[in-house]
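Work through these exercises with the structure open beside you. Try each task before reading its solution.

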Amino acid sequence: MKRILTFTMAGLVLLGCAHMGTQSTGPEADRKALVEHFKQTLPGNIKFEDYKYGALAMNPDAKSQYDEIMDFPPYSIDLDKGQKAWETPFKNGKKFSSCFPNGGKNVAGNYPYFDNASNSVVTFENAINACLKANGEEELKYAENEMGLLTAYARSLSDGMKVNVKVEGAAALAAYEKGKAYYATRNGQLNFSCKSCHVQSAGKFIRSDQLSMTIGHASHWPEFRGGTDIVTLQGRFKQCEKNVRAKPKDANSEEYNNMEYYLTYMSNGLPMQTPVFRK
Amino acid sequence: MAEAMKMRAKMEGDAADVKVLIQHPMDTGLMKDKKTDKIIPAFFINQVAATLNGKTVLEAQWGVGIATNPFIGFRVKGAKPGDKVAVNAVDNQGNKYSGEVVVA
C-alpha cells in the first residue's frame, strides 16, 4: 500500500513538472499570455483574425481606406517583377519552386524554423539564398529590394496559410528565448525596447498613429509602405531601431533572426497575407 | 509594352469603376542626374484615351505635373458587365501603351 502511495506521489510530482513545462512557461504560454494581455488592454473588441491588420484593426476609418487601396493596390506592377524573378529558371534549368515542397505553395508559414544541424534559425530569406547557392547562382542581398520583391511574390503563394512556427528542442528554445530577450531589451538614446511600444503601449497614440500590437506583426511581410516602397521584416527592424536612436544590427544577424523567430511565433495561428499596403 | 499597364474595372451602381496603373518614369526634364550631373530629358505621357467597346469615353492631355507610375481612376456610365474598356496612352517620345479589361 505504502509502495503504491509512493508511486502515486512520484507520478503526481512528475505530472506537476509536465504541467509546468507545457502550460505556465514556454512559447505557447507566452503567446497565450500576450493574446490575453491585448484582449484586456486594446481598445474595441478586436477579433483574433483581425490582428493581422495591426494598428488598422483599431481604426475603422484607416481600415476602410486600406480596403479601398488593397482592392487595386499600387504595387501590382512591382509584384509582377517578383513573380518574374520567381519563375525565371536558373542557369541549370531548375526554378525556385524546385527547392520548396509543393512548389513553394503554403510553405512560408513554417518559416522561420530552427535548424539543429547548423544550430541557427533559418528564415524564408535564408532558404531562398540557400536555394540560389545550391543551384550555383549568386545569393541575393538580404533585406534589399530585389529580395523583397522576390519574397513578396513567393510568400503570396502561401496566402491564407496559418502561421505555424514550431519551437522544438532545447537549442530551438534557447534561440526563441534569445529573441524574446532582445525584444524586451531597452536600446538606443530613447531607451525603448520593442516591448515598450508594442506590448506595454500598444493601441496608444504616437502623434497621430496608433502603436500596433506584437501579435500580427510577422504575418504579412514584406509590405509596401506608401504603396510602392518595399520593406522586409528585418528592414523594418532596422527602421524601428533607428527610430529609437539605436544602432541597427545587420539584417540576417543572429539577433534579428532570433527575434524574427520569436516574433513570428507570436503570430502563430494568424492567416498569412502578402504583400500588403501600409502607410 | 503591354505589361506596363494594369487595369481593373467593376460595376458600382449604374457605372463601371475603372482603375488604371501605368508604369512610366514621367521625367519632367528639369531634374539632374546626380551621378553624371546632366539633365534627365523630359519623358512623360501626354495623351491618354479610354474607350468603352471601341467608343471613346475619355480623353486627357497630360503634362509633367503627373507623378511617376501614374494612376487614373474614372467611372463610365452606361457600361454593363462584359463590356470592354480599353486605355491607350502615348508619351512624348511616341511610345504607345495600351491595356484592356472586361467589366466585372
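**Exercise 1: Two residues with positive phi**

With 7 C-beta neighbours inside 10 Å, B:Asp37 counts as exposed. The model is a predicted one.

Task: Find where B:Asp37 sits and state what is notable about its phi. Then do the same for the place of A:Asn102 and its phi.

Solution:
- Step 1. Locate B:Asp37 in the loop between E2 and strand E3 (45-52) of chain B.
- Step 2. Read its backbone angle. Phi of B:Asp37 is near 65°, a positive value in a residue that is not glycine.
- Step 3. Move to A:Asn102, in the loop between H4 and E1 of chain A. Its phi is near 60°, again positive in a residue other than glycine.
- Step 4. Check exposure. The cut-off for exposed is 12 or fewer C-beta neighbours within 10 Å. A:Asn102 has 10 inside 10 Å, so A:Asn102 counts as exposed.

**Exercise 2: Cis peptide bonds**

Task: Which peptide bond that leads into A:Pro112 is cis, and which one leading into A:Pro275 is cis? Place each proline in its loop.

Solution:
- Step 1. The bond from A:Tyr111 to A:Pro112 is cis, with omega near -10°.
- Step 2. A:Pro112 belongs to the loop between helix H4 (76-87) and E1 of chain A.
- Step 3. The bond from A:Thr274 to A:Pro275 is cis, with omega near -20°.
- Step 4. A:Pro275 is in the loop between H10 and E7 of chain A.

**Exercise 3: The open sheet**

Task: Give the strand order of the three-stranded sheet in chain A. Explain why E6 and E7 each have a side without a neighbour.

Solution:
- Step 1. The order is E6-E5-E7 in chain A, and the pairing is mixed.
- Step 2. E6 and E7 of chain A are at the edges. Each has a single partner strand, so one side of each lacks a neighbour in the sheet.
- Step 3. The twist averages 40° from one strand to the next.
- Step 4. Take one pair. Strand E5 (residues 223-225) of chain A runs parallel to E7(A), joined by three bridges. Within E7(A), A:Phe277 is the bridge partner of A:Phe224.

**Exercise 4: The nonpolar cores**

Task: How many residues make up the largest nonpolar core, and which element gives the largest share?

Solution:
- Step 1. The largest core has 58 residues. Among those with the most contacts inside it are A:Leu150, A:Ala154 and A:Tyr176.
- Step 2. Contributors of two or more residues include helix H6 (145-156), helix H7 (170-183) and helix H10 (254-266) of chain A.
- Step 3. H10(A) gives the largest share, seven residues.
- Step 4. Zoom in on A:Tyr176. Neighbours within four places in sequence aside, its contacts are A:Pro27, A:Val167, A:Tyr261, A:Tyr262 and A:Tyr265.
- Step 5. Turn to the second, separate core. It has 20 residues, including B:Met7, B:Ile22, B:Ile45 and B:Val48.

**Exercise 5: Where the chains touch**

Task: How many residues does each chain give to the contact?

Solution:
- Step 1. Chain B gives seven residues and chain A gives five residues.
- Step 2. On the side of chain B that touches chain A, strand E1 (5-12) and strand E2 (15-22) of chain B each give two or more residues.
- Step 3. That side of chain B divides into two nonpolar, one polar and four charged residues.

Conventions: Residues are numbered from 1 along each chain as its sequence is written. Chains are lettered from A and ligands numbered from 1 in the order in which they are written. This is a predicted model: local features need pLDDT of at least 70, side-chain atom pairs count only at pLDDT 80 or more; totals for chains, interfaces and linings use all residues. A nonpolar core is a set of buried Ala, Val, Leu, Ile, Met, Phe, Trp, Tyr and Cys residues joined through C-beta atoms within 7 Å. Helices (H or I, at least four residues) and strands (E, at least two) are DSSP runs, numbered from the N terminus. Two residues are in contact if their C-beta atoms, placed from the backbone, lie within 7 Å. Ala, Val, Leu, Ile, Met, Phe, Trp, Tyr, Cys and Pro count as nonpolar, Asp, Glu, Lys and Arg as charged, and the others, Gly among them, as polar. Two strands pair if DSSP finds at least two bridges between them. Axes are lines fitted to C-alpha atoms, for helices over the stretch in contact, and angles run from 0 to 180 degrees between N-to-C directions.
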